[in-house]
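Please examine the sequence and the three-dimensional structure shown below. The paragraphs that follow lead through them step by step.

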Amino acid sequence: MNISMLLQHPHQHFLKGLLRSPFRHYHFILHSSTHLGSRIPRAQPFYSLGLHCAKWMLLSNGLKRKLCVQTTLKEHTEGFSDKEQRFVDKLYTGLIQGQRACLAEAITLIESTHNRKKELAQMLLQKVLAYYRGQEQLNKGKPLAFRVGLSGPPGAGKSTFIEYFGKMLTERGHKLSVLAVDPSSCTSGGSLLGDKTRMTELSRDMNAYIRPSPTRGTLGGVTRTTNEAILLCEGGGYDIILIETVGVGQSEFAVADMVDMFVLLLPPAGGDELQGIKRGIIEMADMVAITKSDGDLIVPARRIQAEYVSALKLLRTRSKVWRPKVIRISARSGEGITEMWDKMKEFRDLMLASGELTAKRQKQQKVWMWNLIQESVLEHFRTHPTVREQIPLLEKKVLSGALSPGLAADLLLKAFKSRD
């Protein structure tokens with residue numbers, strides 16, 4: 001559903017619809033020279049976006065109205081019981097002290113779909129965000145953590161690589177967090193891969209934290225709360241965050257909006273060596289690593305490396321200071337992994353010095369905000385009583401061929417607009 005379509009109906013209906021939202025502790029302020037009428041209150045609860053300020057320009061009758069969502073930590077605590085505030089304070093204190101149990105419980109909280117727990121999660125996130133921003137200021141405004149996205153087709157050896165790579169990093173004094181996004185079974189709803197069970201050594205390392213998160217049917221292979229989980233891990237003192245996506249497909253484009261560096265892992269002798277080029281995925285990669293480069297696979301790994309090096313020269317680079325690299329690695333022998341980490345550090349330093357890393361993170365914050373807006377508005381639209389009643393009827397007509405999907409969508413939007 002296109003969010004711009006949902007914003008086309010008159011502002012009075014839009015605002016009154018928002019006021020019926022079940023979420024609390026956010027207030028909006030309308031700045032306008034024209035009174036909206038006594039039926040529209042000046043301040044009412046609004047859904048949390050997890051950001052300090054977001055603005056929409058709503059155009060109606062030639063008048064501009066700014067809807068500015070302003071939040072403070074004080075407002076976050078209003079309306080919560082003492083028990084709930086103590087619970088959030090306990091999680092926050094344990095989290096910033098580096099307690100893994102509190103981090104695990106905090107991520108479970110933000111993954112909850114219960115409305116009240118969503119509110120508690122937003123209060124916790126605001127506290128962690130304020131703390132983390134303070135720590136960044138003490139670090140002269142530089143990011144404290146390095147976010148790396150890892151993806152590749154099944155069988156590329158992602159879990160084996162992460163375990164070897166993670167052990168190397170923790171031995172060098174780093175704290176590593178692995179957010180393994182695990183596809184969910186369509187039959188049972190459970191996770192399919194069980195990445196944590198395949199990283200036995202790393203899962204026992206006290207300086208490493210592995211969190212498998214089921215997608216629960218989320219398109220793109222990245223969970224709804226991956227961004228929030230990254231923030232909590234950084235607040236917990238983890239300076240390297242690895243996000244492992246489901247595989248090759250939509251997920252690369254989603255994870256690219258969350259990380260500083262995107263690494264594509266490809267196995268040798270995988271059939272069509274330039275498969276990534278055809279899917280456009282190679283354009284997203286800052287580094288391509290050919291895995292399993294040992295034994296009988298060294299020769300095909302070298303051939304694929306040469307082909308990708310040639311292919312990357314034909315693509316337009318996304319950075320002015322970095323050209324994507326193609327390397328060969330082996331998690332079994334350890335070959336190339338130390339050199340890979342050196343190149344990753346080189347990428348981070350160059351991007352930070354040029355200012356591209358800061359600009360990239362700011363752009364990602366904006367994408368995150370609009371993703372939340374789209375999700376929230378669509379959820380409000382789908383759960384509205386009038387629309388909810390019409391959906392089953394219109395779906396049957398679409399399936400029978402009596403209505404086209406476009407006409408059915410128009411009828412739902414009209415029902416939403418005229419609900420009052």
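**Confidence, aromatic pairs and charged contacts**

Residues 1-72 have pLDDT under 50 throughout, and the model places 157 contacts beyond four places in sequence for this stretch. The model is a predicted one, and pLDDT is the predictor's confidence in each residue, on a scale from 0 to 100. Residues 185-193 also stay under 50, with 15 contacts beyond four places in sequence. How should such regions be read? Where pLDDT is low, the predicted coordinates should not be read in detail. For the protein chain, the average pLDDT is 76, and 70% of the residues score at least 70.

We turn next to the aromatic rings. The structure contains 6 aromatic pairs. One of them is formed by Phe165 and Trp341, whose ring centres lie 5.9 Å apart; the planes meet at 70°, and because an angle over 60 degrees counts as edge-to-face, the pair belongs to that class. This pair links distant parts of the chain, since Phe165 is in helix H7 (residues 158-171) and Trp341 is in helix H13 (residues 337-354), 176 residues apart. Phe165 and Trp341 are both buried. Phe161 joins these two residues, as ring pairs link Phe161, Phe165 and Trp341 into a cluster.

Helix H13 also contributes Phe347 to a pair with Trp322, which lies in the loop between helix H12 (298-312) and strand S10 (325-328). How are the rings of Trp322 and Phe347 arranged? Their centres are 5.3 Å apart and their planes stand at 80°, so this pair is edge-to-face. The two residues are 25 residues apart, and the pair links distant parts of the chain. Both Trp322 and Phe347 are buried.

Rings can also lie beneath a charge. Lys325 is placed over the face of Trp322, 3.8 Å from the ring centre. Elsewhere, the charged end of Lys175 sits over the ring of Tyr238, at 4.5 Å from its centre.

Oppositely charged side chains form a further set of links. The whole structure holds 15 salt bridges. One of them joins Arg318 and Asp286, with N and O at 3.2 Å. Which parts of the chain does this pair tie together? Arg318 belongs to the loop between H12 and S10, while Asp286 belongs to the loop between helix H11 (275-279) and strand S9 (287-290); the pair therefore ties together parts that are 32 residues apart in sequence. Asp286 has a relative accessibility of 7% and so counts as buried, a class that ends at 20%.

Another salt bridge connects Asp294 with Arg332, where the closest N and O atoms are 3.1 Å apart. Asp294 is in the loop between S9 and H12, and Arg332 is in the loop between S10 and H13, so the pair ties together parts that are 38 residues apart in sequence. Are these partners buried or exposed? Asp294 is buried, with a relative accessible area of 14%, whereas Arg332 is exposed, with a relative accessible area of 69%.

A salt bridge also joins Glu335 and Arg328, the closest N and O atoms being 4.0 Å apart. Glu335 has 38% relative accessibility and counts as partly exposed. Salt bridges may also share partners: in this way Glu84, Arg116 and Glu119 are joined into one network.

Glu84, a member of that network, is located in helix H4 (residues 82-96). Glu84 has a relative accessible area of 17%, and because buried means under 20%, Glu84 is buried. A polar atom of the Glu84 side chain lies 3.1 Å from the backbone nitrogen of Ser81. Apart from neighbours within four places in sequence, Glu84 is in contact with Arg116 and Leu120.

A last acidic residue, Asp205, is found in the loop between helix H8 (200-203) and strand S6 (208-214). Asp205 counts as buried, at 12% relative accessibility. Which residues does Asp205 touch, not counting residues up to four places away in sequence? They are Arg100, Lys167 and Thr170. Polar contacts join the side chain of Asp205 to that of Lys167, at 3.5 Å, and to that of Thr170, at 2.8 Å.

Note on methods: Residues numbered from 1 in each chain as written. Heavy atoms only, no water. Phe/Tyr/Trp six-rings, centres within 6.5 Å; stacked < 30°, edge-to-face > 60°. Helix = DSSP H or I, 4+ residues; strand = E, 2+ residues; numbered from the N terminus. Buried < 20%, exposed > 50% of the residue type's maximum accessible area, 1.4 Å probe, protein only. Lys NZ or Arg CZ within 6 Å of the ring centre and 35° of its normal. Polar contact = N/O pair within 3.5 Å; in protein donor to acceptor, adjacent residues only side chain to side chain. Contact = heavy atoms within 4.5 Å.
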